[in-house]
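I opened this one today and jotted down what I looked up. These are my notes, in the order I made them.

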Amino acid sequence: MSNEDEFYDAVTVFRKKKKALPSRGLGVMLKSAADLTVGQQGSRGLDSDESCEGLSEASFKDARGFDGSSQKNNGSVPQENGIRKHRTSLPAPMFSRNTVSIWSILKKCIGLELSKITMPIVFNEPLSFLQRISEYMEHTYLINKACSLSDSIERMQSVAAFAVSAVASQWDRTGKPFNPLLGETFELIREDQGFRLVSEQVSHHPPVSAFHAESLSGDFVFHGSIYPKLKFWGKSVEAEPRGTITLELLKHNEVYTWSNPYCCVHNIILGKLWIEQYGTVEIVNHSTGEKCVLNFKPCGMFGKELHKVEGHIQDKNKKKLCVIYGKWTECMWSSDPQEYEIYKKSDKKGDKSKKNEELQKAENDEADDMPEIQETVSVVPGSTLLWRIESRPAHSAKMYNFTNFAMALNELEPNMGAMLAPTDCRFRPDIRAMENGNIDEASKQKERLEEKQRAARKERAKHEEEWTTRWFQMGTNPYTGSQDWIYSGGYFNRNYQNLPDIY
């Protein structure tokens with residue numbers, strides 16, 4: 001099999017529109033019910049063709065034969081205060097990966113892109129990469145908070161906290177999401193958090209996933225296209241971030257853009273897997289010229305910097321206005337720059353006495369061993385808390401280390417079937433089989449789907465046909481000037497005729 005044939009692994013019920021409810025608590029790789037269109041200047045307008053009005057629960061009667069056997073509510077939709085409740089566990093726990101020798105697969109692949117390596121399905125998690133992208137929205141309350149603030153610096157603080165929180169779900173998530181099939185889609189509507197999202201796999205070579213999220217009350221639009229480059233380096237796998245993320249706060253006429261940090265999974269061959277995020281993330285407010293520069297710090301020799309994030313917000317004249325610090329696995333704080341520097345100097349003095357002891361210990365450790373974690377952030381007096389991670393469910397370790405948000409992404413109630421596009425990844429039989437605990441069936445179905453996609457590509461080549469995306473079109477991001485995949489609208493009209501048969 002050639003590299004061309006390798007495959008990249010990398011809704012709630014849509015009820016009648018009601019007032020969006022913001023997320024309430026502090027939380028732990030879309031606009032009002034009308035559709036948004038992109039004008040020549042990148043501005044968004046409202047279409048009435050995607051209104052939620054007139055849709056009833058009855059219209060969700062399943063038309064695709066899903067029997068809901070893996071669900072435990074017998075087809076009913078649990079409610080709490082008028083908002084749909086989501087499942088809190090998977091149908092079956094994860095499989096042990098201890099019996100599989102990954103070294104026999106990877107020893108000849110050092111330096112290659114991971115997308116060229118066929119991995120055993122046991123190293124996957126039962127989610128598509130499109131669903132993994134939707135986890136950016138877990139802390140939508142931070143966007144809603146930014147929309148409500150009158151000061152641009154405070155808005156930037158909230159946006160920065162959101163950018164950090166978007167990678168928090170990767171903590172201990174060492175399973176690999178399924179590669180989306182070309183034309184695969186995913187939609188997510190969360191009335192409790194006030195947003196809806198649609199994503200599409202718009203390219204297979206190279207793999208590109210595009211998404212578009214919007215506030216149900218018309219406050220914001222959040223969109224981007226993701227195509228990380230994965231490489232295997234002997235004991236670790238590194239994901240280089242590619243693609244720009246754009247957040248538009250419509251009420252304030254503000255646009256923010258940024259890219260994600262690097263992500264590295266250590267001890268792929270032997271030892272305990274652990275994840276490191278590192279690199280510089282720049283969040284730019286294109287309307288005011290203000291910028292937030294965040295440094296996701298590498299682990300370092302002593303492990304003291306593991307998970308730490310430190311940065312600042314500056315105005316258009318590069319004057320430092322505030323410092324942002326914390327851990328992407330725990331919390332983020334904001335502090336006055338002078339107070340922060342005073343505190344850091346006094347803190348460094350206390351650290352010198354421990355340096356020799358730590359150096360002695362480091363000399364006896366393997367370089368790639370996971371450092372001892374101290375999950376506490378030293379808080380500078382007078383700091384303001386921006387975000388704190390949510391506790392994961394008690395059984396998370398047995399369920400791929402999923403958060404509560406991730407646990408609900410692949411749920412499929414019997415009355416959802418008729419409303420979802422047939423290309424939605426909830427219908428993927430390989431992911432469904434793995435979620436239900438049938439690893440052999442999952443592997444069989446994954447192979448069948450890949451062969452089906454391969455055959456479809458050959459058939460298009462035979463007739464000299466090019467693949468046509470349905471919900472996103474290649475265009476220019478008006479704020480960065482770079483090429484981007486822009487949502488072309490119409491998905492929530494529920495007109496799903498002439499979609500490809502990919503499953």
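**Salt bridges.** I searched the whole structure for salt bridges and got 21. I kept in mind that this is a predicted model. I then went through a few of the pairs.

The pair I pulled up to begin with was Glu125 with Arg173, whose closest N and O atoms are 3.1 Å apart. This pair ties together distant parts of the chain: Glu125 is in strand β5 (residues 124-128), Arg173 is in the loop between α4 and β6 (176-178), and 48 residues separate them. I checked how covered they are, and both Glu125 and Arg173 are buried.

Next I looked at Arg428, which forms a salt bridge with Glu184, the closest N and O atoms being 2.9 Å apart. Here too distant parts of the chain are linked, with the partners 244 residues apart. I found Arg428 in the loop between α6 (404-407) and α7 (429-435), and Glu184 in the loop between β6 and β7 (185-190). Arg428 is buried, and Glu184 is buried as well.

Then I took Glu240 and Arg242, whose side chains meet in a salt bridge at 3.8 Å, N to O. Are these two buried, or partly exposed? Glu240 has a relative accessible area of 25%, so I put it down as partly exposed. Arg242 comes out at 33%, so it is partly exposed as well. I also noted a network: salt bridges that share partners join Glu125, Arg132, Glu135 and Arg173.

**Helices α3 and α4.** Which residues of α3 are buried? I listed Thr140, Tyr141, Leu142, Ile143, Asn144, Ala146 and Cys147. That is 7 of the 9 residues in helix α3 (residues 140-148), so to my eye "mostly covered" is the right label, buried being under 20% relative accessible area. I looked for what does the covering, and it includes α4, β8 (195-204), β10 (220-226), β13 (245-249) and β21 (384-388).

That sent me to α4, which is mostly covered too, with 13 of its 14 residues buried. I tried a length check on helix α4 (residues 152-165): at 1.5 Å a residue, its 14 residues should span 20 Å. The end C-alpha atoms are 20 Å apart, so the check agrees. At the start of α4, I saw a side-chain oxygen of Asp151 reach to within 3.0 Å of the backbone nitrogen of Ile153.

**The β11 and β12 hairpin.** I went along strand β11 (residues 229-232) to see where the side chains point. In a regular strand, side chains alternate between the two faces of the sheet. In β11, Leu230 and Phe232 point to one face and are buried, while Lys229 and Lys231 point to the other and are not buried.

What does β11 pair with? Its partner is strand β12 (residues 236-240), in the antiparallel sense over 4 bridges. For Phe232, I found the bridge partner in β12 to be Val237. The two strands form a hairpin with 3 residues between them, and Gly234 in the turn has a positive phi of about 85 degrees.

**Backbone oddments.** I looked up a few backbone angles in the loops. His205 and Pro206 are joined by a cis peptide bond, with omega about 0 degrees. Pro206 is in the loop between β8 and β9 (207-215).

Tyr400 has a positive phi of about 65 degrees although it is not a glycine. I placed Tyr400 in the loop between β21 and α6. Its relative accessible area is 4%, so Tyr400 is buried. Asn401, not a glycine either, has a positive phi near 60 degrees. Asn401 is also found in the loop between β21 and α6.

**Gln201.** My last stop was Gln201, in strand β8. Its relative accessible area is 2%, so Gln201 is buried. Where does its side chain reach? I found the backbone oxygen of Ser203 at 3.2 Å and the backbone oxygen of Val208 at 3.5 Å.

I also noted the contacts of Gln201, leaving aside its neighbours within four places in sequence. Among them are Leu130, Pro180, Leu181, Leu182 and Gly183. Glu184, from the salt bridge with Arg428, is another contact of Gln201.

Key:
Residues numbered from 1 in each chain as written. Predicted model: local features only at pLDDT ≥ 70, side-chain atom pairs only at ≥ 80, totals over all residues. Heavy atoms only, no water. Expected span 1.5 Å × (residues − 1). Buried < 20%, exposed > 50% of the residue type's maximum accessible area, 1.4 Å probe, protein only. Polar contact = N/O pair within 3.5 Å; in protein donor to acceptor, adjacent residues only side chain to side chain. Salt bridge = Lys/Arg side-chain N within 4 Å of Asp/Glu carboxyl O. Contact = heavy atoms within 4.5 Å. Pairing = 2+ DSSP bridges.
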